[in-house]
Amino acid sequence: MRVQSSATAPTRIAVDTASPKTFAGLAQAALGVVAFSLTFPATAWGLEGFGPWALVSVRSVLAAVIAGGCLLALRVPPPARRHWPGLAVVAAGVVLGFPLLTTLALETSTTAHAAVVVGLLPLTTALLSALRVGARPSRGFWAAALAGAAAVVAFTVQQSGGALTSADLYLFAALLVCAAGYTEGGRLARVLPGWQVVGWALVLCLPLTVPVAAVALAQQPPQLTVHSVAGVLWVAAGSQFLGLVVWYRGMAAIGIPKASQLQLAQPLLTLVWSVLLLGEHLTPAAPLTAAAVLVCIAVTQRARG
C-alpha cells in the first residue's frame, strides 16, 4: 500500500501542472509583460502634453487612487510596522525613481534606445537579488551577466557617438533603483500578496506625489491631447497598477521561473510598439543588442537553477 500511494503522487502533480489554472496563470503573466512593454511608448505620448515632473507625479497619484480604492473596497488591513521600511524601498525604486528617471531620459532618447538599455533590468534585478539574499552565483551566471552589461554599454556608447549621454545615465540609474525596488518587493511578496505590496507603496507616496503634482501642473499647465491623455492613463492604470496585478497573479499561479522567462520578451515587444505607435526607425544595432541581452539573461536564469 505504501509503494502504491507513493507511485501515484507524481502522476497527480503532472496533472495539476497542465490544469486550467496553469494556463490562466500563463495568460495573466503574459498580459503583464504586454502591459509593461507599452510603458515607454505611452510615456512618450504623455510627454507630448505633460512635463516630466507632472507626468510622473500625476501617474503616481492616479495609480494610488486606484490602488487605495481596491484596498479600501477589500478592507485590507495596513501592513505590520516591520514591513514599512521595505515598502519605502519599493516606493522609492518602482513608484518614484524608475518612472522619473526613464521619463527624463525619454525627453531626449528614443523609446527603442531606452528599451534596449532597460532590457538589462531582469539581469540587474537578478544580480541585486543574489547579493541581497547572500547567494553565490556560478561562474556561468557572472560570465553571462558581464556579457550582457558589455553589450548594453557598447550599444549606448555607439549610439551616442562615443560617449554616454545624460539620457543613458538616467537609464542606468533607473536600472539600479528599479532593481532594488523589485528585489525588496520580491522579499515582501513572500509575506504579503504582490498587488498589496504595490498598492501600499503607491499609497505611501501620496503625501509627496500630490503636492508635487499640484506644483508641476501649476507651473506647466498640460496640453491635453488624445495622445497625452491616453499616455498618462495607460502608465497610471495599465503599467503601474493593473499590469502589476495580473503579473503577480500569474507569477503566483505558474511560479517565478516560468514568469521570468516570459518577461524576456519585453524589450523586443517595446521595440515593436515604438515602430507601430511612434513611427520610430530602428537601427540594426537595436534588435541585435536586444537579442544578445535576452540570450545573456536566459543563461543567467538557467545558471541560477
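From the N terminus on, the elements run α-α-α-α-α-α-α-α-α-α-α-α-α-α. That makes 14 helices and zero strands, both taken as DSSP runs numbered from the N terminus (H or I over at least four residues for a helix, E over at least two for a strand). Keep in mind that this is a predicted model, where local features need pLDDT of at least 70, side-chain atom pairs count only at pLDDT 80 or more, and totals for chains, interfaces and linings use all residues. Residues are numbered from 1 along each chain as its sequence is written, and side-chain values use heavy atoms, with hydrogens and water left out.

Now the overall packing. Of the 305 residues, 47% are buried, meaning under 20% relative accessible area (exposed is over 50%, partly exposed in between; 1.4 Å probe, protein chains only). Take contacts, meaning heavy atoms within 4.5 Å, between residues at least 6 apart in sequence: 88% of them join residues at least 24 apart.

Next, the inside. A nonpolar core here is a set of buried Ala, Val, Leu, Ile, Met, Phe, Trp, Tyr and Cys residues joined through side-chain atoms within 4.5 Å. The largest one has 30 residues, and F40, F98, V118, L120, L121, L171 and L175 touch the most other members. Several helices give two or more residues to this core, among them α5, α6 (111-118) and α14 (285-303). The top contributor is α9, with six residues. Apart from this core lies another, of 29 residues, including W195, W200, L202 and F241. Back in the largest core, L120 is in contact with G148, A149, V152, L175 and V293, leaving aside neighbours within four places in sequence.

Helix α5 (residues 84-106) also holds T103. Is T103 buried or exposed? It's buried, because its relative accessible area is 0%. A polar atom of the T103 side chain lies 2.6 Å from the backbone oxygen of P99. Beyond neighbours within four places in sequence, T103 is in contact with T43, L47, P52, L55 and V56.

Finally, the outside. The protein exposes about 15,000 Å², with carbon and sulfur atoms supplying 70% of it; accessible areas come from the Shrake-Rupley method with a 1.4 Å probe, and for residues only the protein chains shown count as cover. Over in helix α13 (residues 266-278) sits V275, which counts as partly exposed because its relative accessibility is 36%.

Technical notes. Polar contact = N/O pair within 3.5 Å; in protein donor to acceptor, adjacent residues only side chain to side chain.
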